[in-house]
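Colleague: I am new to this structure and would like a close look at a single part of it. Please take me through the pocket lining slowly, and then through what surrounds it.

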Amino acid sequence: MASMGALAFDEYGRPFIIIKDQDRQKRLTGNAAIKSHILAARTVASTLRTSLGPKGLDKLMVSADGDITITNDGATILKMMDVDHQIAKLLVQLSQSQDDEIGDGTTGVVVLAGALLEKAEHLLDKGVHPIRIADGFEMAARCAIQSLERSAETFPLDVNNLEPLIQTAMTTLGSKIINKCHRHMAEIAVNAVLAVADMETRDVNFELIKVETKVGGQLEDTMLVKGVIVDKDFSHPQMPKVLRNVKIAILTCPFEPPKPKTKHKLDVTSVEDYKNLRKYEHEKFEEMVQQVKDSGAGLAICQWGFDDEANHMLLQRELPAVRWVGGPEIELIAIATGGRIVPRFEELTPDKLGYAGVVKELCFGTTKDRMLVIEECTNSKAVTIFIRGGNKMIVEEAKRSIHDALCVVRNLVRDNRIVYGGGAPEISCAIAVAKEADAIKTLEQYPFRAFADALESIPLALAENSGLNPIHTLTEIKSRQVAENNPALGIDCLCKGTADMKEQHVIETLHSKKQQILLATQVVKMILKIDDVRSPDDGY
């Protein structure tokens with residue numbers, strides 16, 4: 001690797017480094033670098049701030065090829081934003097990690113990080129060292145998490161009483177575009193997770209939940225299928241549309257006669273040769289179909305295609321078939337039906353067949369789009385959420401929203417402790433952190449108070465986005481929380497007349513809130529520790 005610079009000595013023998021292309025580089029050091037980073041991160045956070053909460057506004061994103069996406073999902077907005085600044089990219093990764101770990105709270109975590117950086121800037125102006133600020137923020141985050149754990153409540157996970165789970169999923173979906181059929185979507189998310197959850201190990205395998213979408217119909221037509229939906233139809237239009245109690249052969253080998261390898265050549269020089277070749281192909285087709293029939297299969301699902309002759313023969317021998325089924329679908333069908341994926345016809349045996357109670361073809365609207373539904377399978381754990389909607393934009397946003405709800409219900413299965421939403425946990429944490437700051441004798445009390453102020457930015461943004469007077473609303477709720485010692489008091493975003501989030505059933509998972517505070521603090525700490533930046537003079 002080429003050297004980045006050379007070591008030289010001045011007239012007094014003191015060493016210094018001459019860096020390569022130094023004249024074409026831009027350098028920022030010390031507080032100037034940190035302030036540049038804070039400005040970039042705050043700009044990104046202020047973009048998301050208006051999307052927070054049930055009354056948050058949507059953003060319209062236009063991709064390079066003109067595709068339009070309308071969403072208020074923080075992770076999606078940041079993923080689609082064309083961000084050049086390296087520090088701003090850290091915030092994109094922050095929301096992405098919140099989305100991967102938790103699935104919900106992607107907007108809140110970025111807004112909190114932006115607020116923390118804003119407060120850090122004020123402390124830098126006062127002359128506090130960035131490391132002291134970072135350490136103070138980390139201590140304050142630990143204090144906030146202890147406060148959250150004290151105020152958290154546990155609700156029992158009872159399969160016979162799903163109401164608390166549904167209420168939590170409804171809180172997640174409250175800020176989404178699909179809150180028109182709010183409860184219906186929440187129930188689908190809860191039932192899907194519970195169908196695949198292992199209650200003994202408290203684990204949920206998301207691989208078993210497939211989300212299929214189809215434009216057309218209404219959001220209310222969205223349904224949960226206890227089985228698999230495949231976006232294919234039977235290979236021949238005359239094949240039966242409904243099969244009951246059927247054994248399924250899952251094949252990854254094509255219905256085609258063996259082909260000569262590339263280094264061999266087959267010459268057809270006469271009519272007789274051609275007839276023999278055709279006869280050979282026909283016999284091979286018959287042999288393949290017979291092998292499938294002999295195994296006892298009533299339906300063949302094939303990963304590859306087959307030509308019209310094979311298709312016609314399958315129809316004649318009354319063996320319904322589906323072709324061109326993708327790899328992930330093949331795997332899901334195998335899991336659901338309890339079958340084995342067979343790579344060669346010779347290996348097909350009755351014990352490798354899957355079983356399904358019903359296989360039927362669904363037909364949609366005037367376009368006559370067809371899909372296959374495989375239900376009443378051996379392994380009922382595999383489920384499919386089938387989303388309908390008026391246009392592609394609505395369907396895509398519904399898919400993102402359902403993902404958030406599924407993640408939240410999964411988190412509750414793993415850890416069933418909850419806090420009440422609406423900015424209530426942030427306010428109670430801010431009170432606890434500010435109180436703790438008074439007991440600290442060192443310089444860290446300033447970052448502590450700054451952290452408490454930053455936490456209040458979430459309820460302030462919620463009130464602002466709901467059209468309320470932010471400062472007036474926050475002051476009132478804060479004083480009531482102290483007076484009544486009730487950490488469930490939050491911002492009444494939906495104007496229901498009560499600030500008690502317990503009464504409004506606005507529930508969030510403790511795991512999500514803790515992760516938000518921890519992730520935001522870690523990213524802010526990382527940004528505050530960067531004090532020297534070199535970049536090409538045209539960039540940054």
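Which helix gives the most to the lining of the largest pocket, and with how many residues?

Modeller: Please keep in mind throughout that this is a predicted model. Helix 6 gives the most to the lining of the largest pocket, contributing 5 residues, and this helix covers residues 163-173. The pocket has a volume of about 730 Å³, and 43 residues line it, of which Gly53, Pro54, Thr171, Ser175 and Glu508 are the closest to its centre. Several elements share in this lining, since at least two residues each are supplied by helix 4, helix 6, helix 11 (392-414), helix 14 (457-465), helix 16 (501-504), strand 20 (507-509) and helix 17 (510-528). Sorted by class, the lining of the largest pocket holds 23 polar, 12 nonpolar and 8 charged residues.

The second largest pocket can be described in the same manner. About 420 Å³ of space lies in the second largest pocket, and among its 15 lining residues Ser147, Arg150, Ser428, Ala432 and Asn485 are the closest to its centre. Helix 5 (130-151), helix 12 (424-438) and helix 15 (470-484) each supply at least two residues of that lining, which by class is made up of 7 polar, 5 nonpolar and 3 charged residues.

Helix 4, already named for the lining of the largest pocket, also leads to the nonpolar interior. In soluble globular proteins, nonpolar side chains tend to be buried together. In this model the largest nonpolar core has 70 residues, and those that touch the most other members are Phe137, Val433, Phe451, Leu455, Ile517 and Leu528. Helix 4 (residues 106-125) provides the largest share of this core, with 11 residues. Apart from this core lies another one, of 44 residues, which includes Leu251, Phe306, Ala321 and Leu372.

Leu455 shows what such a core member meets: leaving aside its neighbours within four places in sequence, Leu455 is in contact with Leu112, Ala144, Glu426, Cys429, Ala430, Val433 and Ile517. Val433 and Ile517, in this list of contacts, are themselves among the core residues that touch the most other members.

How values were computed: Residues are numbered from 1 along each chain as its sequence is written. This is a predicted model: local features need pLDDT of at least 70, side-chain atom pairs count only at pLDDT 80 or more; totals for chains, interfaces and linings use all residues. Side-chain values use heavy atoms; hydrogens and water are left out. A nonpolar core is a set of buried Ala, Val, Leu, Ile, Met, Phe, Trp, Tyr and Cys residues joined through side-chain atoms within 4.5 Å. Buried means under 20% relative accessible area, exposed over 50%, partly exposed in between (1.4 Å probe, protein chains only). Helices (H or I, at least four residues) and strands (E, at least two) are DSSP runs, numbered from the N terminus. Contact means heavy atoms within 4.5 Å. On a 1 Å grid over the protein atoms alone, a cavity is a set of points where a 1.4 Å probe fits but cannot get out, and a pocket is an open set with protein on both sides within 12 Å along at least five of seven lines; lining residues have an atom within 4 Å of a point. Grid points are joined across faces, edges and corners, and a volume is the space filled by probe spheres set on the points. Ala, Val, Leu, Ile, Met, Phe, Trp, Tyr, Cys and Pro count as nonpolar, Asp, Glu, Lys and Arg as charged, and the others, Gly among them, as polar.
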